[in-house]
Amino acid sequence: MGFVLRLLVNALALYLLTRVYGGVSFAPGADLLSVLIAALVMGIVNALVRPVLLLLSLPVNVLTLGLFTLVVNGVVLWLVAAATALNVAGFGAAVIGAVVLAVISWVLDAAVRALGLEKDQ
């Protein structure tokens with residue numbers, strides 16, 4: 001049940017991102033399945049690719065006191081857009097979209113915990 005809930009929260013966060021920020025959108029004609037697939041791909045890329053990118057960028061990340069992580073998150077969003085019906089206006093839009101997505105996800109995670117749908121881990 002936790003996986004399905006996490007997938008739905010991520011899909012809602014991606015959908016809300018496309019409504020709040022104009023630099024990220026879904027392709028015309030994208031339906032609920034497209035949003036769910038984008039959320040699934042986002043989860044897979046976050047689990048498999050993001051740790052490798054963070055490890056490779058560790059020296060730069062240390063020099064920038066962790067701010068380079070924002071660029072890594074933008075790369076992850078850009079990769080997801082390349083593989084799904086998600087459209088990103090450019091790399092700068094991907095970085096800004098990743099920041100907005102993090103804030104939306106944080107709010108949704110807090111709401112899920114407040115409703116008692118998912119226990120703290």
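These are my notebook entries on a predicted model, covering its core, surface patch, salt bridge, annotated spans and a few single residues.

**Entry 1. Nonpolar core.**
I began with the largest nonpolar core, which has 27 residues. I listed the residues with the most contacts inside this core: Leu-14, Leu-17, Val-24, Met-42, Leu-77, Leu-86 and Leu-101. I then asked which elements give two or more residues to the core. They are H1, strand E1 (24-26), H2, helix H4 (68-83), strand E2 (86-88) and helix H5 (91-114). H1 gives the most, with seven residues.

I took Met-42 as an example. What does Met-42 touch, not counting residues up to four places away in sequence? I found Leu-14, Val-76, Leu-77, Val-80 and Leu-101.

**Entry 2. Nonpolar surface patch.**
Next I looked at the surface and noted a nonpolar patch of about 720 Å². Its members are Phe-3, Val-4, Leu-8, Leu-40, Ile-44, Leu-48, Val-49 and Leu-79. Two elements, helix H1 (2-20) and helix H2 (32-56), give two or more residues to the patch. H2 gives the most, with four residues.

I checked two patch members. Leu-40 lies in helix H2. I noted a relative accessible area of 36% for Leu-40, so this residue is classed as partly exposed. Phe-3 lies in helix H1. Phe-3 is exposed, because its relative accessible area is 59% and the class begins over 50%. I also took a distance from Phe-3: its C-alpha atom is separated by 24 Å from that of Leu-54, a residue 51 places further along the chain.

**Entry 3. Salt bridge.**
How many salt bridges does a search of the whole structure find? I recorded one. The pair is Asp-109 with Arg-6, and the closest N and O atoms are 2.9 Å apart. Asp-109 lies in helix H5 and Arg-6 in helix H1, so the salt bridge ties together parts that are 103 residues apart in sequence. I noted as background that side chains of opposite charge can pair when their charged atoms come close. Arg-6 has 27% relative accessibility and counts as partly exposed.

**Entry 4. Annotated spans.**
I looked up the UniProt record, an unreviewed entry, which places the feature "transmembrane region" at residues 61-82 and 88-108. I then computed what the model has over each span. Residues 61-82 are 82% helix and 0% strand, with the end C-alpha atoms 25 Å apart. Residues 88-108 are 86% helix and 5% strand, and there the end C-alpha atoms lie 22 Å apart.

**Entry 5. Two loop residues.**
Ser-57 is found in the loop between H2 and helix H3 (58-63). Is Ser-57 buried or exposed? I found a relative accessible area of 8%, so Ser-57 is buried. Leaving aside neighbours within four places in sequence, I saw Ser-57 in contact with Phe-68 and Val-72.

Leu-65 is found in the loop between H3 and H4. I noted its phi near 55°, a positive value in a residue other than glycine. Leu-65 is exposed, with a relative accessible area of 78%.

Conventions:
Residues are numbered from 1 along each chain as its sequence is written. This is a predicted model: local features need pLDDT of at least 70, side-chain atom pairs count only at pLDDT 80 or more; totals for chains, interfaces and linings use all residues. Side-chain values use heavy atoms; hydrogens and water are left out. Patches are made of residues with over 30% relative accessible area and no salt bridge: like charges are joined within 9 Å, nonpolar side chains (Val, Leu, Ile, Met, Phe, Trp, Tyr) within 5 Å. Accessible areas come from the Shrake-Rupley method with a 1.4 Å probe; for residues, only the protein chains shown count as cover. A salt bridge is a side-chain nitrogen of Lys or Arg within 4 Å of a carboxyl oxygen of Asp or Glu. Buried means under 20% relative accessible area, exposed over 50%, partly exposed in between (1.4 Å probe, protein chains only). A nonpolar core is a set of buried Ala, Val, Leu, Ile, Met, Phe, Trp, Tyr and Cys residues joined through side-chain atoms within 4.5 Å. Contact means heavy atoms within 4.5 Å. UniProt positions are given in the numbering used here, feature names are shortened, and annotations may be inferred rather than shown by experiment.
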